[in-house]
Amino acid sequence: MSTAASSSTSETIAEPGLKIKVSTKEGEVFELDEKVAKMSQVIRGILEDLGEQNGGDDSVLPLTQVETRIFRKILVWLKYHAGHDKEEAPKAEEDEIIARFCEEIPEWDQKFLNVDQAVILEIMLAADYLDIKKLRGLCCKTVANILKTKTVEQIREMYGIENDFTPEEEEEIRKQTAWCEDEPPRQGSNH
Amino acid sequence: MADSSEPFDLNICSLHLTIDDLPDEILVEIFGELEALQQRLLQRTCARWKRILLSRRLQLVVRMDVKIELKGKDPRFKFSTFPALVKRATCLCRSPHIGRCSDDLLPVFRKILHNRTTVIQLNWIENSESYSLIEALTAWVAVFALVSQVKTPAKDGTLAEGANLTHVMLDNAVAIDGLHNLIVLAQTRTGRGSDLWRNHDPVPFKTIAYRRCRFELFGYYTSLFNNPSQYRDSLMNPFPSSHCSWVRPPMRVLDLTETKEALEQAVANSIIQSLPPLPSSIWDTLRDKVRELSTVSQMRWKAELIRKEKRFSTAQADDISLEDVEWSQLGCLTLLFFLCFDDVRIVAN
C-alpha cells in the first residue's frame, strides 16, 4: 500500500495524456494529468464546455474558492485514486448509498483523513466546490463517526455552537425526543 | 508553477472553520450517515440543526440499530441440535415475550420510517458476549414484522410508513437461517410468504445488501422460517465440534429481481468462498456416519449426491456405494450437508 496519505505527491500517474492547468485562490498554478483533473466534475464540466481541443493550450482554470494548502492535500487524494479506482458510471441515489454501505473507509483514506477536524471540514468544502463526490462522502462519513460518539452538549462545546433555543423550546424538543434518550436495549423475557 | 509534491503539514495551520460553517447540503449528507435515534437527539443542538434534521431529504434513508436483549435467558438452554432449537423457538414464538420485543421495536420503526423512505439500514447490536441465537431469532421476528407491517392507508390513499422501502441493508446480522432469512424477508414483502399485504400493493424489495453478517451453515439446508421442500424430510444437527458452524460471508448486494435459484447460487458461492478449510478428520466422521445410516437415510444421501455432484448426476441410486465414495473429491456444500444430516424424519401426511 502506498504511503501517499502522508501528503507526499510524488506518485505519478502512468498515462502521460493531456495536461490541465488550474490555479488556486492565491493564484498558484498546478499542472494536472487529465485523468486526475477530471475526477472533479466541475473541472470535467468546464473542459467539456471549452471543448477538449483547447485543453492543451496555456489556459488556466481558476479554482477561486480553493486555497493552495487545501488543494495540495486534495491533489494527493486525486492522484492516489486516479491510479487505483475503477471508472464507474454515475449511479442512482439508492445504488450510491448501497455502494457506500458495502465499502468500509479504506485504510489509505483513513490515514489521509487522520488530520485535524478543521482540515477535514476544509477538504470537505473544497471537495464540494470541486464536485468530487467520493471525497466529500468520505469526509462526511468521518465527521459523522465523530458525532456518533458525542452528546449534544459535547457537540455544542466542540464546535462552539450556540444553543439558540429558549428553555421552553428546548424542553419541548426534549419531550418530543424523550423516547430516544438513553434508549435501553429492548427487553423481554424468555421464561 | 507550484510544486505539487512539496510536503505540507496541514495540522499546524491555524484554521477557524467549524461545522457550523458548512452549507445545509453538506450537513444533510453528514446527518444522513447517523442512526435514526441519534438524528432525533441532535435536534436539540440548535435551531439550524433541528431544521435540517427534519428535512424531507433525510427521510429517504433510515439507519437504525436493532438491539435485543432477552431478560432472564434460560441458562440451561444450549444450542445442541437443530430440532431442539426449533422446539425452543416454537415455544418462544408462542409465548408473549418475543412478541413483546417486536412490540417494543415496531412503534420505533413506525416513528422513524416515512412513506418516502426507500432505503433502510438495520444494524444488529449485540449487547453482550452471550448474545445468543435466540436473541438473533427475536431480532428477525421483529424485522419480519417491520417489513410486513401494514397500517391502513389514509383516506387520501397515501401509503403507510415504510411502504415504499425498496432497499434493505443489514449490518452485523446474525442469521440462523443464513440465506433463508433473507429470502423470507424478500418473500414477506412481495406477499408470497405472507398474506399480510393481500389488501395492499407493496413495493417489492429490489435489493438486500449485507456486510459483517454471520450465517449459520446449516441454514443453507434447512430453516426455521422457510423449510426448503427438498430437505423437509431431513433432521439436521450442528456440525461436529471440529468444524466451525457458521461463516461470515463477504459483503454482498443481492438483486432480488433475480430468480430464487440465482440468489441461492450467489449466496452459496459466498459461503464457499468464506468457508475455512475442512479438517481432514471429517473423512473419518463421514465414513462412520455412513456405517450407521438407515436404509432410508442412505437413499437420501444418494439422492443428494445425484442432485449436487456432477460425477453422480447420471448415476442410478442403486449403483452408488456410499462406502466407496471419495469424500475428499466432493464439493464443500455437499460435504456440509452430510456433516449436519442426522436422519430422515417421518413426515406426517
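## Exercises on a predicted two-chain model

The side chain of Arg69(A) reaches the side chain of Glu67(A) in a polar contact at 2.6 Å. A polar contact here is an N or O pair within 3.5 Å; within protein, one atom must be able to donate a hydrogen and the other to accept it, and residues adjacent in sequence count only if both atoms are side-chain atoms. This is a predicted model, where local features need pLDDT of at least 70 and side-chain atom pairs count only at pLDDT 80 or more, while totals for chains, interfaces and linings use all residues. Residues are numbered from 1 along each chain as its sequence is written, chains are lettered from A in the order in which they are written, and side-chain values use heavy atoms, leaving out hydrogens and water.

**Exercise 1.** Work out where Arg69(A) sits and whether it is buried or exposed.

*Solution.*
- Start with the backbone: Arg69(A) belongs to helix α3 (residues 68-84) of chain A. Helices are DSSP runs of H or I, at least four residues, numbered from the N terminus.
- Now accessibility: Arg69(A) counts as buried because its relative accessibility is 16%. The cut-offs are under 20% for buried and over 50% for exposed, partly exposed in between (1.4 Å probe, protein chains only).
- Finally, look for another partner: the side chain of Glu122(A) makes a polar contact with that of Arg69(A) at 3.3 Å.

**Exercise 2.** Find the largest nonpolar core and say which domains it lies between.

*Solution.*
- A nonpolar core is a set of buried Ala, Val, Leu, Ile, Met, Phe, Trp, Tyr and Cys residues joined through side-chain atoms within 4.5 Å.
- The largest one has 65 residues, and Leu122(B) and Trp140(B) are among those with the most contacts inside it.
- Helix α11 (residues 332-340) of chain B gives the largest share of this core, 7 residues.
- Domain 2 (60-274) and domain 3 (280-343) of chain B both contribute residues, so the core lies between them. Those bounds come from an automatic or database domain assignment.
- Zoom in on Leu122(B): beyond four places in sequence, its contacts (heavy atoms within 4.5 Å) include Met64(B), Phe109(B) and Leu170(B).

**Exercise 3.** Decide how far to trust chain B.

*Solution.*
- Take the average pLDDT (the predictor's confidence in each residue, from 0 to 100): chain B comes out at 74, with 62% of the residues at 70 or above.
- Check the extremes: in chain B, helix α4 (residues 82-94) is lowest at a mean of 64, and helix α3 (residues 47-53) is highest at 97.
- Flag residues 5-14 of chain B, where pLDDT stays under 50.
- Last, the whole-model scores: ipTM 0.84 and pTM 0.78.

Notes: Helix = DSSP H or I, 4+ residues; strand = E, 2+ residues; numbered from the N terminus.
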